[in-house]
Every structure is written in structure tokens, then in C-alpha cells.
Amino acid sequence: QNARNNNGPLNVGYDPNGANNDNNQTGLEVADEAADRIAKLDEVDTANVIVTNRNAYVAVVLKNGANGEVTDRLKKKISDQVKATDRDIRNVYVSSDPDFVNRMEGYGNRINEDASRDGLFEDFTETVRRVFPNNR
């Protein structure tokens, strides 16, 4: 249930010296505007979007409990919505995998609550590499 766009995320964008993370200790940012735009698409029920560097990771729940892979057509529509909210985004990675959806929601909550971020970036990176293994 994985779909990808462009070349893979060799580096999800974290710089421990703070160069690319805008004072965000984890380098992760919730993109609520992009998620809202994606959720308005006919095929999508809900969406969570986390951005790091120039990559956006999108977890979607399809309408009517639709199962299966996100189509290339829908992936393009989702990518267009994300890039319309942030022109700096180069790569958009989309999955409807239920585990990925749950994890992305949890990461988003932790980022928004500014809760303890110990291990957050590492957990996120490992999840992304597992869900999008061909993008290394």
C-alpha cells in the first residue's frame, strides 16, 4: 500500500547542528493546511502530513474504507495539494497503510503538543524507511 513520488528520501532532513530545522529540535513539522486540502479530495476521508526538509510524508485514510494501494492518479492529486501549500516541497510520499496512518497521527500529536521529543525523529525516520523501503 505504498506509493511514492520522485526519488527516495536518502535523508529525511534532520541536521543535529540545526541548519535545516528552523529551531525545531526534531526537524519535523505538521502541515495542517496540506492535510485539510487533501481531506477535501473526493477519494480521501482523512489525511496527516508531516514535513521535514523538502519532503512531505502523507498518511491517508481512503473514503468508504477503500482498501488497496493509492493510485498514481490520486498520488498526483495529493502531491499537487501539498505543493500548493509549500513551494519548497520537492518529494511527496503517500501511503494508506493502516499502521503508517496510526503512527503519523501519533507523531503529529507529539509534535503539536511539543511533548517529549526524545527519540521522536529516530522513530519517524525508521517508520519512513520501513514504509518506503525502495526510496533509500
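**Exercise 1. Which residues is Gly108 in contact with, leaving aside its neighbours within four places in sequence?**

Solution. Before starting, note that this is a predicted model, in which local features need pLDDT of at least 70 and side-chain atom pairs count only at pLDDT 80 or more, while totals for chains, interfaces and linings use all residues. Residues are numbered from 1 along each chain as its sequence is written, and side-chain values use heavy atoms, with hydrogens and water left out.

Step 1. Locate Gly108, which has its place in helix 3; helices (H or I, at least four residues) and strands (E, at least two) are DSSP runs, numbered from the N terminus.

Step 2. Look for contacts, meaning heavy atoms within 4.5 Å; once the neighbours within four places in sequence are set aside, Gly108 touches Val30 and Ile50.

Step 3. Consider its surroundings: Gly108 has a relative accessible area of 9% and is therefore buried, where buried means under 20% relative accessible area, exposed over 50%, and partly exposed in between (1.4 Å probe, protein chains only). Along the chain Gly108 and Ala31 are 77 residues apart, yet their C-alpha atoms are separated by 9.0 Å.

**Exercise 2. Describe helix 3, its two sides and its ends.**

Solution. Step 1. Helix 3 covers residues 98-112, and its 15 residues reach 21 Å from the first C-alpha to the last, close to the 21 Å expected at 1.5 Å a residue; the expected span is 1.5 Å times one less than the number of residues.

Step 2. The buried residues of helix 3 are Phe100, Val101, Met104, Tyr107, Gly108 and Ile111. They lie on the same side of helix 3 because they cover an arc of only 130° around the axis, the arc being that of the directions from the helix axis to the C-beta atoms. An α-helix has 3.6 residues a turn, so residues three or four places apart point the same way.

Step 3. Pro98 and Asn102 are exposed on the other side of helix 3, whereas the cover over its buried residues includes strand 2 (29-30), strand 3 (44-52), strand 4 (55-62), strand 5 (91-95) and helix 4 (120-131).

Step 4. At the N-terminal end, Asp97 caps helix 3 through a side-chain oxygen that lies 3.2 Å from the backbone nitrogen of Asp99. After helix 3 comes Asp114, with a positive phi near 50°.

**Exercise 3. Examine helix 2 and helix 4 in the same manner.**

Solution. Step 1. Helix 2 (residues 72-85) has 14 residues, and its end C-alpha atoms span 20 Å, close to the 20 Å expected.

Step 2. In helix 2, Leu74, Lys75, Ile78, Ser79 and Val82 are buried, and they sit on the same side because their arc around the axis is only 135°. The face turned away from this buried side carries the exposed residues Arg73 and Lys76.

Step 3. Helix 4 has 12 residues, which should span 16 Å at 1.5 Å a residue, and this agrees with the 16 Å between its end C-alpha atoms. Its buried residues are Leu120, Phe121, Phe124, Thr125, Thr127, Val128 and Val131; seen down the axis of helix 4, they fall within an arc of 165°, so they line one face of the helix.

**Exercise 4. Follow strand 3 and strand 4, with the loop between them.**

Solution. Step 1. Val44 is found in strand 3 and, at 0% relative accessibility, counts as buried. Beyond four places in sequence, the residues in contact with Val44 are Ile38, Ala39, Val60, Val61, Leu62, Lys63 and Leu74.

Step 2. In the loop between strand 3 and strand 4 lies Asn53, which is partly exposed at 38% relative accessible area and has a positive phi of about 55° although it is not a glycine. Most residues other than glycine have a negative phi, and most peptide bonds are trans.

Step 3. Asn55 lies in strand 4 and is buried, with a relative accessible area of 5%. Its side chain is joined to that of Asn91 by a polar contact of 2.8 Å (a pair of N or O atoms within 3.5 Å; within protein, one must be able to donate a hydrogen and the other to accept it, and residues adjacent in sequence count only if both atoms are side-chain atoms).

**Exercise 5. Place these elements in the whole protein.**

Solution. Step 1. The protein has four helices and five strands, running β-β-α-β-β-α-β-α-α from the N terminus.

Step 2. Of the 136 residues in the protein, 43% are buried.

Step 3. The average pLDDT is 80, and 74% of the residues score at least 70, pLDDT being the predictor's confidence in each residue, from 0 to 100. Over residues 1-25 pLDDT stays under 50.
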